Amino acid sequence: MFRNQYDTDVTTWSPAGRLFQVEYAMEAVKQGAAAVGLRSASHVVLATVNKAASDLSSYQKKVFKIDDHIGVAIAGLTADGRVLSRYLRNECINHAFVYESPLPVSRLVVRLADKAQLKRQHISGLTLIILQEQVCTQRSWKRPYGVGLLVAGLDETGAHLYYNCPSGNYFEYQAFAIGSRSQAAKTFLERRFESFNNYSRDELIKDAIFAIKETLQGEKLTSAICTLAVVGKDEAFHLIDQKIIEELIDSMEIKEDAPADQAPVTDEDGSTGAAPMDI
Amino acid sequence: MELQTLAMKDATIVDDGTTERTSYPYVTGTSVIGMKYKEGVIMAADTGGSYGSTLRYKSVERIKPIGKHSLLGASGEISDFQEILRYLDELILYDNMWDDGNSLGPKEVHNYLTRVMYNRRNKFDPLWNSLVLGGVKNGQKYLGMVSMNGTHFEDNHVATGFGNHLARPILRAEWHEDLSFEEAVKLMEKCLLVLLYRDRSAINKFQVAKITEEGVTISQPYALKTYWGFSAFQNPSKGAVGSW
């Protein structure tokens, strides 16, 4: 393809003004197993699809607790995700050490986004000016991180859900989905997101499971294939027990056998082929 | 990796390779008293800066507002207090620059100061101050103290220096939850008066500061009425046996 000449390293622009290496990195995110995040006024829920290398192996960990008030779900190169999680944990714990209070989510995601570039970071006061050397889009011998992160957290300004991109961009979302077949989940969420702010914790969790279901498109939704995590006011970030996920899925499937007004399937565009209801 | 530690500025590098550090204070402020009351926190200190035993400076403001939510009062070396104010100024500035709805509350500032004081103490180059940090954020009142070696704690009423010995017993007896502002000032003035009588570095010029959810108010300096007509003061050497 034509763009091959300008995609060798990350510091080369294409004539059209694109950094192809960064775009390829974002492709890696699209190949990863799906992850969704939903936010209400008081809670944030993350859900991921567990992909295992083979039936014999365990599945990859995609949800990480960063601090009591923050957790992330990743899609893409999970190895990069682990490295970034370690960085995020470090930032949170350093802040808590100096200020005895949780790092605000918006400030954490900015640091993460800066890490995707090469930036000097000034930490105020008595301390040090640190040169961030990790990844970047500004040094040719480094490569961008190939992982997208859904950062879910709570601070004094409320509940937050951010998406951090390998390009260094970040946005705040009411709900979002990343990874393979995430478009189906996004379509589902787009229809419902306006009421999310008023959702209770349990409604939010149910919708997260529904969203994950959308990305499975035909595969059976079981508690083994889905990881769920929640953080809320007075509720530290934690993974939800598999048993509870099973109960939730069962209660949802019972509803689906009943006249399906609730099932979002019927208004799905016909081009998806196999109707998810064929379980 | 570039490393620049602002804290090293106070040390002087001498030619023979040794470093010199401050090991004693020059211009000092005396006690600061702080207590919680119904709407927030009240803090008082005199405006004196002593140069050893000389009451040299009479208009030193030893209580300053920090950001929107805190008050800092200091006793000890005045120049070190000014240095701390510079650090905090930078800290608050960067916090404000985020402009994201989050702000550093009194708890965060107190902890930051603790880290700074402890860090300096570990380098044998302390900031020679006892700090009182009070504030209100989201309805929560906060009052804490940090000493020059990094010891820190929170309480309903705190004092530094002589205040610990003269004022706190009064506060322990008479402080209670939900004092009105007038009651709190009265109690404060009672403590300040004792300090004025008995602390030789205290002067009769005080500032009382209060912080509530609405903000900070620091009073203009004023004097307390003293009474020296006690019979014991009339003939001070009456009971004293001496050779002169």
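**Exercise 1. A salt bridge between two helices of chain B**

Task: In this predicted model, determine whether Lys190(B) is buried, partly exposed or exposed, and state which side chain it meets in a salt bridge.

Solution: Lys190(B) has a relative accessible area of 39%, and because the class between buried and exposed runs from 20% to 50%, Lys190(B) counts as partly exposed. The side chain that meets Lys190(B) in a salt bridge is that of Glu174(B), with an N to O distance of 2.6 Å. This pair links distant parts of the chain, since Glu174(B) belongs to helix α4 of chain B and Lys190(B) to helix α5 of chain B, 16 residues apart. As for the acidic partner, Glu174(B) is likewise assigned to the partly exposed class, at 35% relative accessibility.

**Exercise 2. Two salt bridges of chain A**

Task: For the salt bridges of Arg18(A) and Arg201(A), identify the partners, and then assign the accessibility class of Glu235(A).

Solution: The partner of Arg18(A) is Glu23(A), and the closest N and O atoms of the two are 2.9 Å apart. Arg18(A) is partly exposed at a relative accessible area of 36%, and Glu23(A), with 23%, is partly exposed as well.

Arg201(A) forms its salt bridge with Glu235(A), where the closest N and O atoms lie 2.8 Å apart. Here the pair joins distant parts of the chain, with Arg201(A) in helix α5 (residues 201-216) of chain A and Glu235(A) in strand β12 of chain A, 34 residues apart. Arg201(A) has a relative accessible area of 27% and is partly exposed. Glu235(A) has a relative accessibility of 17%, and because buried means under 20%, Glu235(A) counts as buried. Over all chains, the structure holds 19 salt bridges.

**Exercise 3. Positive phi angles**

Task: Say where in their chains Asp234(A) and Asp178(B) are found, and what phi each of them takes.

Solution: As background, most residues other than glycine have a negative phi. Asp234(A) is found in the loop between β11 (226-232) and β12 (235-239) of chain A, and its phi is near 65°, a positive value in a residue other than glycine. With a relative accessible area of 84%, Asp234(A) is exposed.

In chain B, Asp178(B) sits in the loop between α4 (168-174) and α5, and the phi of this residue is near 60°, again positive in a residue that is not glycine. Asp178(B) is partly exposed, at 43% relative accessibility.

**Exercise 4. A negative surface patch**

Task: Which residues form the negative surface patch that includes Asp178(B), and in which helix is Glu183(B) found?

Solution: The patch is formed by Asp178(B) together with Glu39(B), Glu177(B), Glu182(B), Glu183(B), Glu213(B) and Glu214(B). Of these, Glu183(B) is found in helix α5 (residues 181-198) of chain B. Its relative accessible area is 40%, and because patch residues need over 30%, Glu183(B) meets that cut-off while counting as partly exposed.

**Exercise 5. A hairpin in chain B**

Task: Establish how strands β8 and β9 of chain B run relative to each other, and which residue between them takes a positive phi.

Solution: Strand β8 (residues 63-66) and strand β9 (residues 70-77) of chain B run antiparallel and are joined by 4 bridges. Within this pairing, the residue of β9(B) that stands opposite Pro65(B) is Leu71(B). The hairpin has 3 residues between the strands, and in it Gly67(B) takes a positive phi near 65°.

How values were computed: Residues numbered from 1 in each chain as written. Chains lettered and ligands numbered in written order. Predicted model: local features only at pLDDT ≥ 70, side-chain atom pairs only at ≥ 80, totals over all residues. Heavy atoms only, no water. Patch = residues over 30% accessible without salt bridge, like charges linked within 9 Å, V, L, I, M, F, W, Y side chains within 5 Å. Areas by Shrake-Rupley, 256 points an atom, 1.4 Å probe, with all protein chains shown as cover. Salt bridge = Lys/Arg side-chain N within 4 Å of Asp/Glu carboxyl O. Lys, Arg positive; Asp, Glu negative; His and termini not counted. Charge placed at Lys NZ, Arg CZ, Asp CG, Glu CD. Helix = DSSP H or I, 4+ residues; strand = E, 2+ residues; numbered from the N terminus. Buried < 20%, exposed > 50% of the residue type's maximum accessible area, 1.4 Å probe, protein only. Pairing = 2+ DSSP bridges.
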